[in-house]
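I opened this structure to make notes for myself on how its parts fit together. I kept the entries in the order in which I looked things up.

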Amino acid sequence: MDKASRKFTTRTLGDQEQLDYTPILLAILVILFTLLLLFIWKKKRTTRSDVLLAGLCDSGKTLLFSHLILGEAKETFTSIKENVGYLTNSNGELRIVDIPGHERLRGKFFDQYKNLSKAIVFVIDSVTVQKDIRDVADFLYTILADKAIANLPVVILCNKQDEDLAKGDAVIKSMLEKEINVVRQTRTSQLQSVDPQSSDAVFLGRSDKDFDFSQVSQNVKFVLCSASDNQMDDLNVFLDTL
Ligand SMILES: Nc1nc2c(ncn2[C@@H]2O[C@H](COP(=O)(O)OP(=O)(O)O)[C@@H](O)[C@H]2O)c(=O)[nH]1
Ligand SMILES: [Mg+2]
């Protein structure tokens, strides 16, 4: 190869190299853009903005829901499906979800919404709580022991305080702590017979002590309320902090 043709070859290669960068740069840009879109989409999908109203049947969830969303009592809402409504507070928009309390439905609806929830309002009928304590404690345990709910704020709403026979928050708290202790023993012995890895549940509280609410990862607050008398100030204060 003489000097002239060597020069020519080098120049041709140099031109090709320069031309090759454009599609590569374009491809990188497209990939980055796609990743950005995926990131935004995923973030939007997993942003927690729901407040779940959970609790047994007849505790007052749907009446609360209609007060919160409509500002009035309306008895036309269903209790077979969830009711969903939006509430605007000082920090933005909250989605309030009233999930049915029927034993056969509540688990399914709780699982459906738990990953999007920002806080839980667990509604209790303060009149019948003593009679229903096993069922109340059992459902509350399921919620508090779920990994998806770890570290979230939880309000235990002692509803129907307008009734003469309503129990106060301190009494309800200590009844629940005693009963959750029992539920915990039952669940632990059940768990030993199945594969613990397959469950979403964690052991609730400290195994070396009787259960009390200070042992859980969530910030649990007891709040008094009467949905029928529209005495919901403390609940509204809580919702405003979210
Ligand atoms: N006395 C009294 N009754 C209430 C209160 N909240 C709800 N109720 C009544 O309890 C019943 C069940 O209420 P509902 O909202 O349907 O309960 P849900 O099954 O938890 O949705 C209805 O008759 C309500 O009017 C309350 O604060 N005080
Ligand atoms: Mg209801």
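The entries below go from the overall layout to the sheet, the helices, the core, the ligand and two single residues.

**Entry: overall layout**

I noted before anything else that this is a predicted model. I counted the elements and found six helices and six strands in the protein. Reading from the N terminus on, I wrote their order down as α-β-α-β-β-α-β-α-β-α-β-α. I then looked up burial for the protein as a whole, and of its 242 residues 28% count as buried. I also checked how far along the chain the contacts reach: among contacts between residues at least 6 apart in sequence, 74% join residues at least 24 apart.

**Entry: the sheet**

In what order do the six strands lie in the open sheet? I traced them as β2-β3-β1-β4-β5-β6, and I noted that the pairing is mixed. The edge strands are β2, residues 83-89, and β6, residues 219-224, each of which pairs on one side only. Neighbouring strands of this sheet are turned by 25° against each other on average, with direction ignored. As a reminder to myself, strands of a sheet pair through backbone hydrogen bonds, either parallel or antiparallel.

I went through some of the pairs one by one. Strands β2 and β3 run antiparallel and are joined by seven bridges, and in this region Y86 stands opposite R95 in β3. Strands β1 and β3 run parallel and are joined by four bridges, with I96 in β3 as the bridge partner of V51. On looking at β1 and β4, I found that they too are parallel, joined by six bridges, and that G55 stands opposite V123 in β4. I added that β1 is mostly covered, since five of its six residues are buried.

**Entry: helices α2 and α6**

Why is α2 described as largely enclosed by the rest of the structure? I checked its residues, and because eight of the ten are buried, the helix counts as largely enclosed. The buried residues are K61, T62, L63, L64, F65, S66, H67 and L68, and what covers them includes β1, β2, β3 and β4. Just after α2 comes G71, whose phi is positive, near 75°.

I then turned to α6, residues 233-240, which packs on the sheet and touches β1, β2, β3, β5 and β6. The direction of α6 makes about 150° with that of β6.

**Entry: the nonpolar core**

In soluble globular proteins, nonpolar side chains tend to be buried together. Here I looked up the largest nonpolar core, which has 47 residues, and those with the most contacts inside it are I120, V121, F122, L140 and L157. At least two residues of this core come from each of β1, α2, β3, β4, α4, β5, α5 and α6. The largest share, seven residues, comes from α4. I followed one residue further: leaving out residues up to four places away in sequence, L140 touches F122, L176 and I180.

**Entry: around ligand 1**

Which of the 17 residues around ligand 1 come nearest? I listed G60, K61, T62, L63 and A227. Helix α2, residues 61-70, gives the most to the shell around ligand 1, with three residues. Sorting the shell by class, I wrote down three nonpolar, nine polar and five charged residues.

**Entry: two single residues**

Is A170 buried or exposed? I found A170 in helix α5, and it counts as exposed because it has 10 other C-beta atoms within 10 Å, where the cut-off for exposed is 12 or fewer. The C-alpha atoms of A170 and F222 are separated by 8.3 Å, although these residues are 52 residues apart along the chain.

I compared this with H102, whose place is in the loop between β3 and α3. H102 has 13 other C-beta atoms within 10 Å, so it is partly exposed, being above the limit of 12 for exposed residues and below the 20 needed for buried ones. The C-alpha atoms of H102 and C57, which are 45 residues apart along the chain, are separated by 6.0 Å.

Technical notes. Residues numbered from 1 in each chain as written. Chains lettered and ligands numbered in written order. Predicted model: local features only at pLDDT ≥ 70, side-chain atom pairs only at ≥ 80, totals over all residues. Pairing = 2+ DSSP bridges. Axes fitted to C-alpha atoms, helices over the stretch in contact; angles between N-to-C directions. Contact = placed C-beta atoms within 7 Å. Near = placed C-beta within 6 Å. Nonpolar A, V, L, I, M, F, W, Y, C, P; charged D, E, K, R; others polar. Core = buried A, V, L, I, M, F, W, Y, C linked by C-beta atoms within 7 Å.
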